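Dear colleague,

I am handing over the structure we spoke about, and below it you will find my notes on what turned up in it. Please read them with the model open beside you.

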Amino acid sequence: LINSIFSKHGLQIGDKTPQLRTKRETEIKSWLDKHPEVKNFVVLDDSLLSADYLNGHFIKTSNYFDGLDETDVQKAMDILNC
């Protein structure tokens with residue numbers, strides 16, 4: 001579903017974090033540390049994440065059942081300057 005929503009706007013998901021069985025923020029930080037070439041990114045999650053490095057890069061989506069909506073996609077596009 002998320003891929004179809006993004007593709008309507010000419011976007012695609014570049015990658016996703018591994019599931020390390022740790023805090024979500026730790027998974028994201030681990031991925032970012034392994035990809036230093038990534039300067040601009042968006043994190044979409046239905047949990048509230050509060051790590052400093054996510055400021056300006058995080059969108060809290062609706063709960064698991066409602067998920068991503070068009071407003072979230074627009075916010076993601078704004079963050080990515082699309």
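**The largest pocket**

The largest pocket is lined by 35 residues, and those lying nearest its centre are I2, I13, D15, K16 and L44. Two or more residues of that lining come from each of helix 1 (2-7), helix 2 (24-34) and strand 1 (43-45). Helix 2 gives the most to the lining, with five residues. Please keep in mind throughout that this is a predicted model, and that the volume of the largest pocket, about 1,200 Å³, is a value computed from it. As for the character of the lining, its residues divide into 19 nonpolar, nine polar and seven charged.

**Salt bridges**

Side chains of opposite charge can pair when their charged atoms come close. A search of the whole structure finds four salt bridges, and I describe some of them here, beginning with those that involve R24.

The side chain of R24 meets that of E27 in a salt bridge, with an N to O distance of 2.9 Å. Both residues lie in helix 2, three residues apart, which is about one turn of the helix. The two partners differ in how they are placed with respect to the surface: R24 counts as partly exposed because its relative accessibility is 27%, whereas E27 counts as buried because its value is 7%, and the cut-off for buried is under 20%.

R24 also meets D45 in a salt bridge, here at 2.7 Å from N to O. Since R24 lies in helix 2 and D45 in strand 1, this pair ties together parts that are 21 residues apart in sequence. D45 has a relative accessibility of 10% and therefore counts as buried. Taken together, R24, E27 and D45 are linked in a network of salt bridges.

What else does E27 touch, once its neighbours within four places in sequence are left aside? With those neighbours set aside, E27 is in contact with T17, P18, Q19, L20, R21 and T22.

A further salt bridge joins K29 to D33, and the closest N and O atoms of this pair are 2.9 Å apart. K29 and D33 are four residues apart in helix 2, so about one helical turn separates them. K29 itself is partly exposed, because its relative accessible area is 38%.

**T61 and its surroundings**

T61 lies in the loop between strand 2 (58-60) and helix 3 (70-79). Is T61 buried or exposed? With a relative accessibility of 9%, T61 counts as buried, because the cut-off is under 20%. The side chain of T61 reaches the backbone nitrogen of D46 at a distance of 3.4 Å. If its neighbours within four places in sequence are left aside, the residues in contact with T61 are L44, D45, D46, G67, L68 and D72. Two of these names have already come up above: L44 is among the residues nearest the centre of the largest pocket, and D45 is a salt-bridge partner of R24.

**Two residues of helix 3**

A76 has its place in helix 3, and at 0% relative accessibility A76 counts as buried. Apart from its neighbours within four places in sequence, A76 is in contact with F6, V42 and I59. By contrast with these contacts, the C-alpha atoms of A76 and R21, which are 55 residues apart along the chain, are separated by 26 Å.

T71 is likewise placed in helix 3, but T71 counts as partly exposed, because its relative accessibility is 48% and exposed would need over 50%. The C-alpha atoms of T71 and K16 are also 55 residues apart along the chain, and 21 Å separates them. K16, you may recall, is one of the residues nearest the centre of the largest pocket.

**Where to look**

If you open the model with limited time, I would suggest two places. One is the network of salt bridges that links R24, E27 and D45; the other is the side chain of T61, where it reaches the backbone nitrogen of D46.

With best wishes

How values were computed
Residues numbered from 1 in each chain as written. Predicted model: local features only at pLDDT ≥ 70, side-chain atom pairs only at ≥ 80, totals over all residues. Heavy atoms only, no water. 1 Å grid on protein atoms, 1.4 Å probe; cavity = no way out; pocket = protein on both sides within 12 Å on 5 of 7 lines; lining within 4 Å. Points joined across faces, edges and corners; volume = space filled by probe spheres on them. Nonpolar A, V, L, I, M, F, W, Y, C, P; charged D, E, K, R; others polar. Buried < 20%, exposed > 50% of the residue type's maximum accessible area, 1.4 Å probe, protein only. Polar contact = N/O pair within 3.5 Å; in protein donor to acceptor, adjacent residues only side chain to side chain. Contact = heavy atoms within 4.5 Å.
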